[in-house]
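Thanks for coming, everyone. Let me put the structure up, and then we'll walk through it together.

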Amino acid sequence: MNDIQAEITAIQAQIAALRQERISLTTDPIDLENASPEAIAAAYRRRAREDLQLFAEVKGIDDAIAALEAQLAQKQIELAKFSQQNDSLEQRVAAGKKQALAQAERINQLAAELAEELRSLKATADELSPSYWQVYYKPLITGFRSISVPYVRTDSDVLTIVNRIV
């Protein structure tokens, strides 16, 4: 983006320089006082030749300005597209981040609910285990020591999924 902006600035500077040069192109006035008819005729012929050359220079400058203005318009369109794409990408990233944070919050809510349900199940198992052993000769539920639930932490830029032991 900075490259395009630098090119635009360079083109604008060149156009300004060409416009200034065009303004500075003038012809000297013809001094007709005390001039002979031959000198007057020669002065007007010289003026006609100078005007032709001046006209050609002005035409060249005008053509260069027109070409640079077309190039400037193209660069400004490129800059606008790049800026729009960049804005669009930033908007998509912001929307995705917002969605990811909402999902992380939901996961954490579910993890808290699941942890509570597991604690409740353990309490029920602890209460029923002695009776269950007497009837079936085995435990009702095993594996409570290593039970964990996923939990999402964030440092505002990065989401980290960790396991929390229940």
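One definition before we begin: the expected span of a helix is 1.5 Å times one less than its number of residues. Keep that in mind for helix α1, residues 2–24. It has 23 residues. From first C-alpha to last it reaches 33 Å, close to the 33 Å expected. And please remember that this is a predicted model.

Now the overall picture. The protein has 2 helices and 2 strands. Along the sequence the pattern reads α-α-β-β. How far does the C-alpha trace span along its principal axes? About 140 × 20 × 15 Å. The radius of gyration tells a matching story. A compact globule of 166 residues would come out near 15 Å, but this protein has 42 Å. Of those 166 residues, 16% count as buried. Contacts across the sequence still feature. Take the contacts with a separation of 6 or more: residues 24 or more positions apart account for 57% of them.

On to helix α2. It runs over residues 37–136, which is 100 residues. End to end, first C-alpha to last, α2 reaches 138 Å. The expected figure is 148 Å, and the helix is close to that. Where does α2 kink? At Ser129, by about 50°. That is shortly before the proline Pro130. After α2 comes Tyr137, with a positive phi near 60°.

How do the two helices meet? In α1, the buried residues are Ile4, Ile8, Ile11, Ile15 and Leu18. They pack against α2. Those five also belong to the largest nonpolar core, alongside Ile61, Ile65, Leu68, Leu72 and Leu79. That makes 10 residues in all. Two elements, α1 and α2, each give two or more residues to this core. For a close look, pick Leu18. Leaving out residues up to four places away in sequence, Leu18 touches Ile61, Ala64, Ile65 and Leu68.

Now a residue on α2 with another setting. Val93 sits in that helix. Is Val93 buried or exposed? It counts as exposed, because its relative accessibility is 52% and the exposed class starts over 50%. Val93 also gives us a distance to the far part of the chain. Val93 and Val152 are 59 residues apart in sequence. In space, C-alpha to C-alpha, they are 19 Å apart.

Next, the loop between α2 and β1. Lys138 lies there. Its relative accessibility is 46%, so Lys138 counts as partly exposed. Which residues does Lys138 contact, leaving aside neighbours within four places in sequence? Tyr132 and Trp133.

Last stop, the strands. β1 covers 148–154. β2 covers residues 159–165. How do β1 and β2 pair, and over how many bridges? They pair in the antiparallel sense, over 7 bridges. One partnership to find on screen: Pro150 is bridged to Asn163 in β2. The hairpin of β1 and β2 has 4 residues between the strands. In that hairpin, Ser156 takes a positive phi near 80°.

To recap: α1 packs its buried residues against α2. α2 kinks at Ser129. Then β1 and β2 pair as antiparallel strands. That's the tour.

Note on methods. Residues numbered from 1 in each chain as written. Predicted model: local features only at pLDDT ≥ 70, side-chain atom pairs only at ≥ 80, totals over all residues. Heavy atoms only, no water. Bend = angle between axes of the 7 residues up to and from the residue. Buried < 20%, exposed > 50% of the residue type's maximum accessible area, 1.4 Å probe, protein only. Contact = heavy atoms within 4.5 Å. Pairing = 2+ DSSP bridges. Core = buried A, V, L, I, M, F, W, Y, C linked by side-chain atoms within 4.5 Å. Rg over C-alpha atoms; globule rule 2.2 N^0.38 Å.
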